[in-house]
Amino acid sequence: MPSLIHGSRSFPAWSGRTLVLGVTGAGDATVVAGADLPKATAKHLASVVPVLEVSTKVGDTTTLAAVPGVSADKVVLVGLGEGEGGSDPLRRAAGAAVRAAGKGSVALSLPHTDEAGLTAIAEGAFSGAYAFTAHKSAAPTEDREITVFSELGRKDSPKDVIARAETVARNVAWARDLVNTAPNLLYPQSFTEQVQQVAKASSGKLTVEVLDDEALVAGGFGGIVGVGQGSSRPPRIVTLSYAPRSKKVPHVALVGKGITFDTGGVCIKPSAGMTTMKSDMAGAAAVAATVVAAAELGLPIAVTGYLCLAENMPGGNAQRPGDVVTMRNGTTVEIIDTDAEGRMVLADGMALAAESGPDQIVDVATLTGACVVALGPKIFGVMGNDDALRTAITVASERADEASWPLPLPADLRSGLDSAVADIAHKGDRWGGALTAGLFLQEFAKDSSGEQIPWAHLDIAGPSFNEGSPWGHVPKGGTGVAVGTLLAHLTSLA
């Protein structure tokens with residue numbers, strides 16, 4: 001695991017492996033740093049940058065050796081764009097530069113004027129160093145040191161900013177690790193044990209409660225029990241809670257879909273559709289990481305995470321289309337397609353969350369392919385029953401550089417969930433599939449009197465797993481998406 005350090009000396013004197021500087025401009029590239037370049041360095045770079053036709057596109061990198069005026073072994077120049085500013089280019093550039101730097105220590109001196117810019121550099125750099133090596137027989141053991149230079153004054157507390165960024169980035173990395181873990185090793189019980197171990201080792205004050213398969217049956221959790229009944233590895237609901245000392249704080253419930261592997265059940269997926277289905281628990285991973293980070297940051301807000309963990313398998317006792325199950329809140333549901341299982345485990349989790357009387361419920365799920373078709377692989381959809389909450393989530397996602405887009409819940413599509421044999425069918429027809437999934441979940445964002453609780457739904461099916469090449473600060477594989485958004489939202493409430 002890398003470590004983040006605030007650079008206390010002048011960056012030219014730093015004597016590690018790789019120093020990162022920025023380049024910007026619409027035409028000829030101009031080298032920029034977090035402080036003035038030494039004269040010898042500036043003169044050398046001014047002569048070689050035009051010859052090398054260095055790109056200023058955000059995240060593009062050029063490596064130079066033996067640069068005069070600096071003590072580092074090599075310099076990586078990273079594109080910051082045409083000078084539009086903001087934290088997003090800094091985050092993406094820092095991640096790309098650290099990845100391009102390769103092994104060894106790395107230091108970044110990139111221009112920034114405020115805490116948001118420094119946070120983006122630090123989080124992006126940590127993210128760029130991420131690698132999942134748990135399943136490799138000869139995994140590297142190097143603990144990589146990342147130094148971030150900042151000219152911000154003491155009143156901005158750059159050392160504290162970098163420490164907070166490391167806390168966030170470390171928990172994002174844990175979410176990525178969970179998503180990347182092989183499904184024969186990560187299943188409901190082993191996921192539960194990981195959460196228990198992390199909570200115990202955390203500096204935050206966390207409590208963990210577990211409902212096993214027997215407790216789920218006894219508690220009337222027909223949705224998650226039905227999804228998990230085809231597997232030899234039974235389901236769990238893990239409740240991970242953090243509360244500050246003050247009782248007069250908002251309480252937010254986070255509910256995460258945790259399908260540790262999704263075959264589709266008896267409505268089985270084609271083989272090509274299963275290759276990334278170990279990532280169908282990315283919502284639960286994001287929720288777990290968010291609650292741990294909130295506790296370690298000491299946010300003045302109460303947060304409870306509900307991790308709805310199950311494996312969707314086509315066993316001899318698997319759920320069938322046409323089955324009717326009774327959910328935690330007493331609603332009866334007709335099963336239409338066993339490959340639309342995520343909304344069933346979430347609905348039970350939301351019903352449980354509603355019982356605690358939260359001020360808000362936010363669920364996170366790799367829920368529908370329809371959302372990926374609509375928004376592509378890098379943008380998640382946001383739906384909800386409260387316009388202010390939905391807007392707050394999209395604003396938070398922008399601050400975290402996690403692209404999202406608000407989607408509606410059209411009332412006229414609700415009739416597509418009508419059932420002749422139960423209170424509701426769990427799936428509509430193919431049109432507006434992401435929206436009808438949201439409409440189904442909306443039925444469970446209610447208190448015991450039937451009053452709606454402010455609720456938002458994040459469909460992260462697209463950006464939760466990057467099947468392509470790394471880009472910016474985002475690695476191949478699990479991305480940890482939604483952790484940054486959720487923490488930004490919680491911070492805004494606090």
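**Figure 1. Surroundings of L458 in the predicted model.** Leaving aside neighbours within four places in sequence, L458 is in contact with V362, D363, V364 and A365. Further contacts of L458 are F380, G381, I393, A482 and L486.

**Figure 2. The largest nonpolar core.** This core has 50 residues. F191, L307 and L458 are those with the most contacts inside the core. Helix 8, residues 282–297, gives the most to the core, with 12 residues. Apart from the largest core lies another, of 43 residues. A253, A347, L367 and L435 are among the residues of that other core. In soluble globular proteins, nonpolar side chains tend to be buried together.

**Figure 3. Helix 12, residues 433–442.** The helix is mostly covered, and 10 of its 10 residues are buried. Its buried residues are G433, A434, L435, T436, A437, G438, L439, F440, L441 and Q442. One of them, L435, also belongs to the core of 43 residues shown in Figure 2.

**Figure 4. An open sheet of three strands.** The strand order is 12-13-17, and the pairing is mixed. Strand 12 (324–326) and strand 17 (424–425) are the edge strands, each pairing on one side only.

**Figure 5. Pairing of strand 12 with strand 13.** Strand 13 covers residues 332–334. The two strands run in the antiparallel sense and are joined over three bridges. V324 has E334, in strand 13, as its bridge partner.

Conventions: Residues are numbered from 1 along each chain as its sequence is written. This is a predicted model: local features need pLDDT of at least 70, side-chain atom pairs count only at pLDDT 80 or more; totals for chains, interfaces and linings use all residues. Side-chain values use heavy atoms; hydrogens and water are left out. Buried means under 20% relative accessible area, exposed over 50%, partly exposed in between (1.4 Å probe, protein chains only). Helices (H or I, at least four residues) and strands (E, at least two) are DSSP runs, numbered from the N terminus. Two strands pair if DSSP finds at least two bridges between them. A nonpolar core is a set of buried Ala, Val, Leu, Ile, Met, Phe, Trp, Tyr and Cys residues joined through side-chain atoms within 4.5 Å. Contact means heavy atoms within 4.5 Å.
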